[in-house]
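User: Please take a close look at one part of this model, the place where a charged side chain meets an aromatic ring, and then follow the contacts outward from there. I would like a connected account rather than a list.

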Amino acid sequence: MLLKVNHISRYHYDAPVQYALQQIRLTPKERDNQHIINWSVTIEGGHKELSFEDQHNNVVDLISIAPDQQELAIICSGEIELTNSSGVVGRHGGFAPLWLFQRSTALTKPGNKVKELVAKLGGDNDASLERAHALSALVRQHIDFAVGTTHSGTTAEEALIRGEGVCQDHSHAFLSAARLLGYPARYVSGYLMMNDRIDQDATHAWAELYIETLGWVGFDVANGYSPDERYIPVATGLDYYEAAPVSGMRFGDSKEKLSVELQVQQ
């Protein structure tokens, strides 16, 4: 399948910004089932300082805002060719060792709710594909999809206590529980072509677990199935913070407003 992506993030500040730096992870990964035909990242109101690959093989662009700007736009577009691998990504690669992905973070630290979830799963603590699918379904049962009830700093434990959240929360709860069960696990941010709409207002998130016999395997907990050829993985990490499409800092107390235009089409 050939997918075309057009993605614009516009930042508006209510006062001129003197200095700001942002890391953007918005270049899709090259994988066995994903080939980048063309891709561009353009900045309006600032410029790229440098680009590098981080420990997770994410392409990271460091951008700065031009002095006294009140508008910054990050414009991404390109074409990606994908094949359906039923969620199987394959062998592990990159600079980060496999054992690192069993490490908890502030967003995925297991609390009582996560431990109760694992206890409900029952059975032997085998890190199998079947057990991973059962865990995905269990997380989805305990966190209803609801926009606006959580934020980027909501932890896996908090989302389970609240009982609702978005794809980021489903992924964090899944990662937290999976690591307790012994799986190496990582967060994925990327694009998803939706069957019922063209215009979207946000990127998507899912998770990948390392299964000994298969390698990395994807799980979209929010939607209840493994990623197919409609999914474009862009960045991976231990949690949202390491795979966030945009993160950074700025000087001053100006208020920020973000608008997103996103289309993913065949």
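Analyst: Arg186 lies over the face of Trp216, at 3.9 Å from the ring centre, and this is a statement about a predicted model. The arginine of this contact also takes part in a salt bridge, since Glu208 pairs with Arg186 and their closest N and O atoms are 2.7 Å apart. That salt bridge links distant parts of the chain, with Glu208 in strand β12 and Arg186 in strand β10 (residues 185-192), 22 residues apart. Both partners are buried, Glu208 as well as Arg186. The contact does not end with two residues, for Arg31, Arg186 and Glu208 are linked in a network of salt bridges. As for how far the coordinates of this part can be trusted, confidence in the protein is highest in β10, at a mean of 98, and lowest in β15, at 91.

On the aromatic side, Trp216 belongs to a cluster in which ring pairs also link Phe101 and Tyr210. Tyr210 is found in strand β12, the strand that also holds Glu208. With a relative accessibility of 15%, Tyr210 counts as buried, because the cut-off for that class is under 20%. For a sense of separation across the model, the C-alpha atoms of Tyr210 and Val5, which are 205 residues apart along the chain, are separated by 28 Å.

Which other aromatic pair involves strand β12? Trp206 lies in strand β12 (residues 204-211) and Tyr231 in strand β14 (residues 231-237), so their pair ties together parts that are 25 residues apart in sequence. The arrangement of Trp206 and Tyr231 is edge-to-face, with 5.1 Å from centre to centre and 85° between the planes. Both rings are in buried residues, Trp206 at 1% relative accessibility and Tyr231 at 3%.

A search of the whole structure finds eight aromatic pairs, and one of them, Phe174 with Phe219, has ring centres 5.4 Å apart and planes at 50°, so the pair is tilted. This pair too links distant parts of the chain, with Phe174 in helix α4 (residues 167-180) and Phe219 in strand β13 (residues 215-219), 45 residues apart. Phe174 is buried, with a relative accessible area of 0%, and Phe219 counts as buried at 1%.

The charged pairs can be set beside the one at the start. Seven salt bridges are found in a search of the whole structure, and among them is the contact in which the side chains of Arg197 and Asp196 meet at 3.1 Å, N to O. Whereas Glu208 and Arg186 are buried, Arg197 is partly exposed, with a relative accessible area of 42%, and Asp196 counts as exposed at 60%. Another salt bridge joins Glu256 to Arg250, with the closest N and O atoms 3.3 Å apart. Here Glu256 is partly exposed at 40% relative accessibility, and Arg250 is partly exposed as well, with a relative accessible area of 28%.

Turning to the surface, Tyr19, Met249 and Phe251 form a nonpolar patch, with about 310 Å² of accessible area together. Met249 is found in strand β15 (residues 246-250), the element in which confidence is lowest, at a mean of 91. At 38% relative accessibility, Met249 counts as partly exposed.

Two loop residues deserve a separate word for their backbone angles. Phi of Asp68 is near 65°, a positive value in a residue other than glycine, and Asp68 has its place in the loop between β5 (59-65) and β6 (69-82). Asp68 is partly exposed, at 48% relative accessibility. Ser86 likewise has a positive phi, near 55°, and is a residue other than glycine; Ser86 is found in the loop between β6 and β7 (88-90). Ser86 is exposed, with a relative accessible area of 53%.

On confidence as a whole, the protein averages a pLDDT of 94, and 99% of the residues score at least 70. To return to the starting point, Arg186 sits over the face of Trp216 and is linked with Arg31 and Glu208 in a network of salt bridges, while Trp216 is linked by ring pairs into a cluster with Phe101 and Tyr210.

Conventions. Residues numbered from 1 in each chain as written. Predicted model: local features only at pLDDT ≥ 70, side-chain atom pairs only at ≥ 80, totals over all residues. Heavy atoms only, no water. Patch = residues over 30% accessible without salt bridge, like charges linked within 9 Å, V, L, I, M, F, W, Y side chains within 5 Å. Areas by Shrake-Rupley, 256 points an atom, 1.4 Å probe, with all protein chains shown as cover. Salt bridge = Lys/Arg side-chain N within 4 Å of Asp/Glu carboxyl O. Helix = DSSP H or I, 4+ residues; strand = E, 2+ residues; numbered from the N terminus. Buried < 20%, exposed > 50% of the residue type's maximum accessible area, 1.4 Å probe, protein only. Phe/Tyr/Trp six-rings, centres within 6.5 Å; stacked < 30°, edge-to-face > 60°. Lys NZ or Arg CZ within 6 Å of the ring centre and 35° of its normal. pLDDT = per-residue confidence, 0-100.
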